[in-house]
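Student: I'd like a close look at one part of this protein, with its surroundings explained step by step. Could you take me through it?

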Amino acid sequence: MEVKKITVAHGDGIGPEIMEATLTVLKAAGARLEYEQIEVGEKVYLNGNTSGIDQSAWNSIRQNKVFLKAPITTPQGGGYKSLNVTMRKSLGLFANIRPCNSFHPFVRTKHPEMDVVVIRENEEDLYAGIEHQQTDEVVQCLKLITRPGSEKIIRYAFEYARLYKRKKVSCFTKDNIMKHTDGLFHRVFKEIAAEYPDIESDSWIIDIGAARLADTPEMFDVVVMPNLYGDIVSDITAQISGSVGLAGTANIGASCAMFEAIHGSAPDIAGKDMANPSGLIRAAVMMLNHIGQQDVAEKINNAWLCAIEKGLHTPDIFKEGVSTQKLGTRAFAEAVVAHLGQKPEKLSAVEFDKDVQIQIPIYQRAKAASKKLKGVDVFVDWKGSDANELAVLLQRLNRDIRLSMITNRGVKVWPNGFEETFCTDHWRCRFEVENGNPALRESIPILLREALNANIDVIKTENLYEFDGERRYSLGQGQ
Ligand code: NAD
């Protein structure tokens, strides 16, 4: 039978321990794999490579197309970019699949009937990582939601539901506030849901959706959402199923796929032989399914279920009265190996279908909309406090284009602002033309040139457009 070469990275923190445990299980189960090891993460950063990955490692992943990765440490705040995010985006791994189910009564959870799959968009949203400091007081992060990105992940969620005989797909967004970005994701969800009449669908505002999911997860089945919400919500679902150490995840793209645990490198327990390797073992099961080795995937999953139902538990899920033995990382892996070939007696044994691959049609760009320029938002660094004074300065500029509004952190402060509104040094000054002005495109640079001459510190501009006659920019709060 064909042996598949895969790329493997042992990662940081608990990474090497849980990877050794996982490889022990894979080898004992007879996985038809050849392993090519690469170094990524902290050691690579510390050697002076700020990307955390070198060319030979990229070559290995791109050639083998299947990557089993232990968690890596990403410095918080300043410093290096997250290598995890770089890998997901560079390899086009658009779908992040995070199944979280409970193993009641063998792993203690408040949610015995939980069986949720979080499908997280993996390439865009605030994870585009485009951030700028613009004034002394204000920093911004661009949230990018795209139609192709939304279509791909939402279609993937419905295809997943159909393939795995799931009944419902729910969408989480915050489009009551982010009407254009989350609004697009939600609109695409409704369009695609209509193509799958056999699958129920519903939509939630993320705050109440997440609250209900944490309280009553059995209400949900497959849940699809933009990147950041998916990151947060899937940690919650993993944790409430028993431990963040239990869940594995698949990052799927059109040609490559990466499999990992959902948790991080857990530096607090690294090197102590305490980490639960289950997340990575279950990720390896997803990987075996992906490459068509369902027989081995089933064998490992069932052995793992045997260990869990016999109460052979790592410290994170060990509970007096429920668990029978507290095992370290290595001993737990050996317990799984000892049960290879057996089926669980109380938990349901798994049976995986052969050759299940989700195919998403290639995105087709629609006919371009009619796009009309309506004005420009000019962002200004200004240290004054009275918006009326700023308005006077701005009204002296180019008369072809009218100052219609000034906002501060999105709240209208001119005309008719409130004294109570707190203002920073970052002002959005909206210039608009009433009935379309064919020369508007030329008026904008004239306006900027005049602002420069008047010593007004313009930090950026955003054009205001209508698409097919619909306004596609936000109003000011209070406008
Ligand atoms: P974490 O998931 O590493 O740890 C959170 C808590 O859960 C800790 O108390 C930890 O001990 C516990 N925990 C995590 N995995 C466990 C396991 N397998 N068994 C038992 N307990 C476990 O989150 P963090 O502390 O916020 O992040 C640590 C580092 O990991 C950071 O640098 C972060 O950027 C990185 N990280 C990497 C990935 C990845 O590689 N995919 C994902 C998330 C975080």
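How many of the residues of strand 18 are buried?

Tutor: Happy to! Please keep in mind that this is a predicted model. In strand 18, 7 of its 7 residues are buried, so the strand is mostly covered. The cut-off behind that word is a relative accessible area under 20%. For the protein, buried residues make up 53% of the 479 residues.

Let's look at the two faces of the strand. In a regular strand, side chains alternate between the two faces of the sheet. On one side of strand 18 you will find H426, R428, R430 and E432, and on the other W427, C429 and F431. Both faces are covered, with each of these residues buried.

Next come the neighbours. Strand 18 (426–432) belongs to an open sheet of 6 strands, whose order is 17-16-18-15-19-20 with antiparallel pairing. At the edges stand strand 17 and strand 20 (470–471); each has a single partner strand, so one side of each is left without a neighbour in the sheet. In general, strands of a sheet pair through backbone hydrogen bonds, either parallel or antiparallel.

Strand 18 runs antiparallel to strand 15 (residues 371–381), and 7 bridges join the two. To find your place in this pairing, look for D377, which stands opposite R430 in strand 18. Strand 16 (residues 402–408) also pairs with strand 18 in the antiparallel sense, over 6 bridges. A good marker here is R402, opposite E432 in strand 18.

If you go on to the end of the sheet where strand 20 lies, you meet strand 19 (residues 457–467), which pairs with strand 20 in the antiparallel sense over 2 bridges. There F467 stands opposite E470 in strand 20.

Now follow the chain just before strand 18. The loop between strand 17 (411–414) and strand 18 holds E420. In contrast to the buried residues of strand 18, E420 is exposed, with a relative accessible area of 70%. E420 also takes part in a negative surface patch, together with D386, E389 and E419. That patch takes residues with over 30% relative accessible area and no salt bridge, so E420, at 70%, clears the area cut-off.

To place this part in the whole, the secondary structure of the protein comes to 13 helices and 20 strands. The C-alpha atoms fill a box of roughly 80 × 55 × 45 Å, taken along the principal axes.

Notes: Residues are numbered from 1 along each chain as its sequence is written. Side-chain values use heavy atoms; hydrogens and water are left out. Patches are made of residues with over 30% relative accessible area and no salt bridge: like charges are joined within 9 Å, nonpolar side chains (Val, Leu, Ile, Met, Phe, Trp, Tyr) within 5 Å. Accessible areas come from the Shrake-Rupley method with a 1.4 Å probe; for residues, only the protein chains shown count as cover. A salt bridge is a side-chain nitrogen of Lys or Arg within 4 Å of a carboxyl oxygen of Asp or Glu. Lys and Arg count as positive and Asp and Glu as negative; His and the chain ends are not counted. The place of a charge is taken as NZ of Lys, CZ of Arg, CG of Asp or CD of Glu. Helices (H or I, at least four residues) and strands (E, at least two) are DSSP runs, numbered from the N terminus. Buried means under 20% relative accessible area, exposed over 50%, partly exposed in between (1.4 Å probe, protein chains only). Two strands pair if DSSP finds at least two bridges between them.
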